Amino acid sequence: MVGSCIGVSSTCSYGTTLLWGPGLHTFISRGHVIGRSAPIQVLNRTDIKDIRIGKRIYFTAVSGGGRRMQTALNVTAVETLQKGIAEFYDESSGIWENIWGDHMHHGFYEPDSSVSLSDHRSAQIRMIEEALRFASISDDPMQKPRQIVDVGCGIGGSSRYLARKYEARCKGITLSPVQAQRAQALAAAQGLGDKVSFQVADALNQPFEDGQFNLVWSMESGEHMPDKTKFVNELARVAAPGGTIIIVTWCHRDLSPSEESLSPEEKKLLNKICDAFFLPAWCSTADYVKLLESLSLQDIKAADWSENVAPFWPAVIKSALTWQGITSLLRSGWKTIKGALAMPLMIRGYKKGLIKFAIITCKKPVP
Ligand code: SAH
């Protein structure tokens with residue numbers, strides 16, 4: 001297993017960024033540099049796209065100076081990561097649903113508010129509402145979104161909520177077959193079977209034609225994406241002209257102009273979280289904004305909601321320490337237990353100002 005990689009590149013992504021664009025890349029796995037490349041242009045790109053994941057691939061690249069070189073890339077990193085994500089959610093979604101319901105994301109709270117456990121579910125709905133408000137999604141019957149995609153849909157909590165709210169159609173994608181099945185069953189039970197549909201599909205290679213969706217929704221899935229450039233490109237590709245993209249995601253703090261990277265201690269903390277929650281390298285909110293700008297998207301807005309989510313993880317830990325929480329955890333499996341043990345690390349990351357809970361929105365221009 002290659003493990004969690006830190007790609008010191010413009011997009012801070014896993015190794016495979018190399019396949020899709022030029023840039024200076026250093027590939028580090030568990031503290032060891034496993035590869036470096038100068039700004040390159042990949043020559044035999046089509047062959048590479050066809051290669052089966054899970055193999056070490058060799059290809060010819062040409063450097064900025066025109067020098068040709070043989071390079072290799074281990075694509076098992078992405079394969080390993082995505083398999084881990086699918087298994088993690090297959091295993092843990094049932095417990096989460098039993099204790100927390102169908103939304104698998106942070107709640108939105110007034111800063112410094114004290115809340116009882118029963119308020120947490122409404123805080124999760126508030127998160128959805130605040131995100132829609134931030135992105136100025138209209139309730140006007142003539143302007144409200146009609147076609148929505150929920151990228152990284154979990155068990156479909158957002159999809160059903162949005163479909164109901166806007167009387168819209170929504171398509172959800174997830175890597176977890178258990179989640180896709182459960183999401184569909186809940187939709188059918190709630191009389192939404194003809195409005196929402198779910199499938200197992202990769203957000204980095206979405207099974208949708210260009211320009212289909214008025215609202216592209218990604219609620220806490222971006223942090224799982226090993227290639228942020230590809231991720232954002234796909235969101236923009238499937239958005240309809242004039243459509244809105246909403247990304248709510250975990251980021252690391254923005255770097256100051258004098259910094260090249262996070263400190264070693266910061267990286268160490270994030271790596272532990274990556275291991276537990278099946279996350280690749282993180283990027284900052286500013287990195288996302290840059291990516292959106294590079295695609296000429298409009299009305300780009302970002303905000304830091306870290307203070308608004310502060311009560312969330314302490315509440316999750318509290319619920320895990322109840323009798324129901326402990327027995328469910330023990331019955332679940334190692335991946336879920338490992339995730340639970342990492343929860344205090346999230347709190348530490350927020351307290352240090354290292355982890356940021358970010359919302360980034362934009363619109364796709366009408367040509
Ligand atoms: N948005 C949901 C679930 C968040 S949990 C909610 O708010 O309730 C993260 C979700 O992202 C999981 O469903 C996971 O399967 C999905 N995910 C992670 N990487 C993905 C990828 N590459 N393609 C599609 N879904 C992905």
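The following exercises, each with a worked solution, concern a predicted model of a protein chain with a bound ligand.

Residues are numbered from 1 along each chain as its sequence is written, and side-chain values use heavy atoms, with hydrogens and water left out. Local features need pLDDT of at least 70 and side-chain atom pairs count only at pLDDT 80 or more, while totals for chains, interfaces and linings use all residues.

**Exercise 1. Describe the chain as a whole.**

Step 1. The protein chain holds 14 helices and 13 strands; these are DSSP runs numbered from the N terminus, helices being H or I of at least four residues and strands E of at least two.

Step 2. Of its 367 residues, 54% are buried. Buried means under 20% relative accessible area, exposed over 50%, and partly exposed in between (1.4 Å probe, protein chains only).

Step 3. Among contacts (heavy atoms within 4.5 Å) between residues at least 6 apart in sequence, 69% join residues at least 24 apart.

**Exercise 2. Characterise the surroundings of the ligand.**

Step 1. The ligand is surrounded by 21 residues, where a residue is near if one of its heavy atoms lies within 4 Å. The closest are Met-104, His-105, Gly-152, Gln-179 and Ala-203.

Step 2. Sort the shell by class: ten residues are nonpolar, nine polar and two charged. Here Ala, Val, Leu, Ile, Met, Phe, Trp, Tyr, Cys and Pro count as nonpolar, Asp, Glu, Lys and Arg as charged, and the others, Gly among them, as polar.

Step 3. Examine the polar contacts (pairs of N or O atoms within 3.5 Å; within protein, one must be able to donate a hydrogen and the other to accept it, and residues adjacent in sequence count only if both atoms are side-chain atoms). A polar backbone atom of Gly-152 is 2.8 Å from a ligand nitrogen, and a backbone N or O atom of Ala-203 is likewise 2.8 Å from a nitrogen of the ligand. For Leu-175, a backbone N or O atom lies 3.2 Å from a ligand oxygen.

Step 4. The protein buries 99% of the 570 Å² that the ligand exposes when taken alone; accessible areas come from the Shrake-Rupley method with a 1.4 Å probe, and for residues only the protein chains shown count as cover.

Step 5. Helix H3 (76-100) and strand S8 (169-174) are the elements that give two or more residues to the shell. H3 supplies the largest share, three residues.

**Exercise 3. Locate Asp-102 and identify its partners.**

Step 1. Asp-102 is found in the loop between H3 and helix H4 (119-134).

Step 2. Its relative accessible area is 23%, so Asp-102 is partly exposed.

Step 3. Not counting residues up to four places away in sequence, Asp-102 touches Ile-155, Gly-157, Arg-160 and Leu-186. The C-alpha atoms of Asp-102 and Ile-155 are separated by 6.2 Å, although these residues are 53 apart along the chain.

Step 4. The side chains of Asp-102 and Arg-160 are joined by a polar contact of 2.9 Å.

**Exercise 4. Explain why helix H7 (residues 228-238) is described as largely enclosed.**

Step 1. Eight of the eleven residues of H7 are buried, so the rest of the structure largely encloses this helix.

Step 2. The buried residues include Phe-231, Val-232 and Leu-235, as well as Lys-228, Lys-230 and Glu-234.

Step 3. At the N-terminal end, Asp-227 caps H7 through a side-chain oxygen 3.1 Å from the backbone nitrogen of Thr-229.
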